[in-house]
Amino acid sequence: MDTLLDTSSSDMNANRKISISKYRKKQAANDAQLLMNRIALLQKEEERARKKVDQTKERALEILAMREENERRTKEWMQAAAEEQQIREEIHKKNIKMEEKSRSIKKKQVDEVIRKKRHDVERIREEKQQLRKEMLHMKAMDVKRKQAMRREVRIRENEARRKREEEKRLHEQRVKEFYEARAREEEAEALRAEKLVKKLEKKEREWVEKLRAAQQVQETAFVDLESALARVNTSEHFPLHEPNTLSPNGRSRQCLSSSGSGNDMNKKKTKKKPSSS
């Protein structure tokens, strides 16, 4: 039993040692890879630094060359400036001489201009006086002309006003005459119309009287006809249709009198035609 326990414990120790060895191996490999990466980075940094050093040297050489060039240009510029200053001084001396000469010329010109201006002032003063006189004369003439124009305008306005009033009076007179004539015509037409109405009323009354007379004749004829028909029916022993058919207001009477009344109406129409025409 103890032997089995020893064997199992020894196997566990061996496995543990193997696991520890594998872990250490893996850790060493990781450390080696990290160191290799860091070495590569350091090499790149060293290469970059070396390139920067080379670039710095080249830049320093360029700066030295530029400084020499600037010094050369500065010397040339100073030499050119000295020459320019000398030229300016010579030009300034010449300008002073020319200014003195031009000053004397200008003085002569100014004196001449002043003399001419004085002469022109005197001439302008005389011209102004002459112009003032002419303007006063022109203003007086203009005032007279405007006064004459105002008088003429006033006369024309009065004449135009008189013409307008005369035209207005004539127009009002024509309108009054027109309306008076129109009133007379309307009055005459009204009188003619009233006369015509009276004439037609008279004719209407005449025709009414004629119609009444004809109606009386027609009534008399109806009575005579009814009497004759009554006698004929009594003699032949034929009874009448209804007792009220022979009455003046009955339907049979209207039927019997239709032929006679038609003839009477035709006669009336023939009589009315000549009078209406």
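Visitor: Before we look at lysine 146 and aspartate 142, what is a salt bridge?

Guide: A salt bridge is a side-chain nitrogen of Lys or Arg within 4 Å of a carboxyl oxygen of Asp or Glu. In this predicted model, the side chains of lysine 146 and aspartate 142 meet in such a bridge, at 3.5 Å from N to O.

Visitor: Where do lysine 146 and aspartate 142 sit relative to each other?

Guide: Both belong to helix 1, 4 residues apart, so about one helical turn separates them.

Visitor: And how exposed is each one, lysine 146 and aspartate 142?

Guide: Lysine 146 has 42% relative accessibility and counts as partly exposed. Aspartate 142 is also partly exposed, with a relative accessible area of 25%.

Visitor: Why would two such side chains pair at all?

Guide: Side chains of opposite charge can pair when their charged atoms come close.

Visitor: How many salt bridges does the structure hold?

Guide: The structure holds 20 salt bridges. One of them joins the side chains of aspartate 120 and arginine 123, at 3.6 Å from N to O.

Visitor: What is the spacing between aspartate 120 and arginine 123?

Guide: They are 3 residues apart in helix 1, which covers residues 2-236, so they are separated by about one helical turn. Aspartate 120 is partly exposed at 27% relative accessibility, and arginine 123 is partly exposed at 36%.

Visitor: What about arginine 162; which residue is its partner?

Guide: Arginine 162 forms a salt bridge with glutamate 159, and their closest N and O atoms are 2.4 Å apart. The two residues lie in helix 1 with a spacing of 3 residues, about one turn of the helix. Arginine 162 counts as partly exposed at 46% relative accessibility, while glutamate 159 is partly exposed with a relative accessible area of 32%.

Visitor: Which residues are joined into one network by salt bridges that share partners?

Guide: Glu69, Arg72, Arg73 and Glu76 are joined in that way.

Visitor: Changing topic: how many helices and strands are there?

Guide: The secondary structure comes to 3 helices and 0 strands. Along the sequence, the pattern reads α-α-α.

Visitor: How much of the protein is buried?

Guide: Of its 277 residues, 3% count as buried. To count as buried, a residue must have under 20% relative accessible area.

Visitor: And what area does the protein expose?

Guide: The protein exposes about 26200 Å², of which carbon and sulfur atoms supply 57%.

Conventions. Residues numbered from 1 in each chain as written. Predicted model: local features only at pLDDT ≥ 70, side-chain atom pairs only at ≥ 80, totals over all residues. Heavy atoms only, no water. Buried < 20%, exposed > 50% of the residue type's maximum accessible area, 1.4 Å probe, protein only. Areas by Shrake-Rupley, 256 points an atom, 1.4 Å probe, with all protein chains shown as cover.
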